[in-house]
Amino acid sequence: MTGAEEIALPEPRSNRKVTLAHRAEYALALALGAFFKIIGVDAASFIAGKFTRAVGPMIGAIANRGRVNLKIAFPDMAPEEADAILRDSWENLGRTTAEFAHLEKFGPDGGRIEIMGREKFEAIAQGDRPAIFISGHFANWEVGSIVMHALGVDYGVIYRAANNPLIDGLIIRERARVMSRRQIPKGKRGGRDMIEALKAGASLAMLVDQKLNSGGIPSPFFGKPAMTAPAAARLALKYRAPVIPIEIERLKGARFRVTAHEKIAFTPSGEINADTQNLTDAINREIEALIRKRPGQWLWLHRRWAKDEYLKN
């Protein structure tokens, strides 16, 4: 198996020309990162969280999308409850952004992480069959990958490349310090890398809660069809890999609980299209159940359902 130090990091996004706006955004990110490092993880998380909690709901289009998403998911929810959930979601986003400057603080031995189901991580780390770890944008979604790396799991982490090529490179380098060097961008350029990782015996870690138009399949999510990436199901079926949901919960401030749940129970029928659909539906049910437990800790701000659902709401 390839040594970690021999795994090349992915190239930053190359299909966009670096603009002056990109450079300004990159400079701001470096300055904020330096500030957050200086003041420490707890202060950084607190300040950024309170800032986005106050300012986020005033960012028109994005804030409205969050309100509509909640209405689609919880049509009978009172407006006051929805507003409270969205404020929590905005705060969580701010905290997660600031905590990125302190990723090394979130290993299992740093006193900030509780791990439930540690034996499941260790079994995959010590076994000869890879797994597909699935999760969503819960709490600080970087924490799960950090824990897996620290516990010795060989895996590739699937990520969406940042729009700004300079920011994309920064994120890749920072993650490489505390996570797997197997960082695989979503889309066509990452498809081959996912297969090669599984063939090499490495697991995959995927956030599966975002909309995928090109190549996605409709799958129920809060009772409404949502275009969902089928890659987790297809790869699990092809390589006979268990699908293990990972739950990340923010306990208080910059402290978390990471839970590895039981693998999703699924018996293939042998009809690949039906099996892919059914397993994808099961994955969405797992993600939905985790969102329902703590809706304020999920990122409600991206467009998840079809355009028609937004027009109706």
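## A buried asparagine and its partner

The side chains of N284 and S219 are joined by a polar contact of 3.1 Å. This is a predicted model, and N284 is a handy place to start looking around it. You'll find N284 in helix α10, which covers residues 272-293. Is N284 buried or exposed? With a relative accessibility of 0%, N284 counts as buried, because the cut-off for buried is under 20%.

S219 isn't the end of the story for N284. Setting aside residues up to four places away in sequence, N284 touches V208, S219, P220, F221, T228 and R304. Keep R304 in mind, as that residue turns up again further down among the contacts of N69.

## Stepping back to the whole chain

Now for the wider view. The protein chain has 11 helices and 9 strands. Its radius of gyration is 19 Å, close to the 20 Å that the globule rule gives for 313 residues, so the chain is as compact as a globular protein of that length. Taken along the principal axes, the box filled by the C-alpha atoms is roughly 50 × 45 × 40 Å.

How much of the chain is tucked away? Of the 313 residues, 50% count as buried. The chain exposes about 15,200 Å², with carbon and sulfur atoms supplying 55% of that area. If you look at contacts between residues at least 6 apart in sequence, 78% of them join residues at least 24 apart. As for charge, there are 46 positive and 35 negative charges, and their mean positions sit 5 Å apart.

## N69 in helix α3

Another asparagine to look up is N69, which lies in helix α3 (residues 60-73). N69 has a relative accessible area of 1%, so it is buried. Which residues does N69 contact, leaving aside neighbours within four places in sequence? The list is W300, L301, H302, R304, W305 and Y310. R304 is the residue to pick out here: N69 is in contact with it, and N284 touches it too.

You can also trace N69 to A82, which is 13 residues away in sequence. From C-alpha to C-alpha, N69 and A82 are 9.9 Å apart in space.

## E309 in helix α11

Head over to helix α11 (residues 307-312) and you'll come across E309. E309 has a relative accessibility of 9% and therefore counts as buried. Its side chain makes a polar contact of 3.2 Å with the side chain of K312. Not counting residues up to four places away in sequence, E309 touches I72 and K224.

## A covered helix and a loop glycine

Helix α6 (residues 143-150) is mostly covered, with 6 of its 8 residues buried. Which ones are they? The buried residues in α6 are V143, G144, S145, I146, V147 and M148. Just after α6 comes G152, which takes a positive phi of about 90°.

For a change from the buried residues, try G201, placed in the loop between α8 (188-199) and β5 (203-207). G201 has a relative accessibility of 28%, so it counts as partly exposed. Follow G201 across to G127 as well: the two are 74 residues apart in sequence, while their C-alpha atoms are 9.4 Å apart in space.

Methods: Residues are numbered from 1 along each chain as its sequence is written. This is a predicted model: local features need pLDDT of at least 70, side-chain atom pairs count only at pLDDT 80 or more; totals for chains, interfaces and linings use all residues. Side-chain values use heavy atoms; hydrogens and water are left out. Helices (H or I, at least four residues) and strands (E, at least two) are DSSP runs, numbered from the N terminus. The radius of gyration is taken over C-alpha atoms; the globule rule is 2.2 Å times the number of residues to the power 0.38. Buried means under 20% relative accessible area, exposed over 50%, partly exposed in between (1.4 Å probe, protein chains only). Contact means heavy atoms within 4.5 Å. Accessible areas come from the Shrake-Rupley method with a 1.4 Å probe; for residues, only the protein chains shown count as cover. Lys and Arg count as positive and Asp and Glu as negative; His and the chain ends are not counted. The place of a charge is taken as NZ of Lys, CZ of Arg, CG of Asp or CD of Glu. A polar contact is a pair of N or O atoms within 3.5 Å; within protein, one must be able to donate a hydrogen and the other to accept it, and residues adjacent in sequence count only if both atoms are side-chain atoms.
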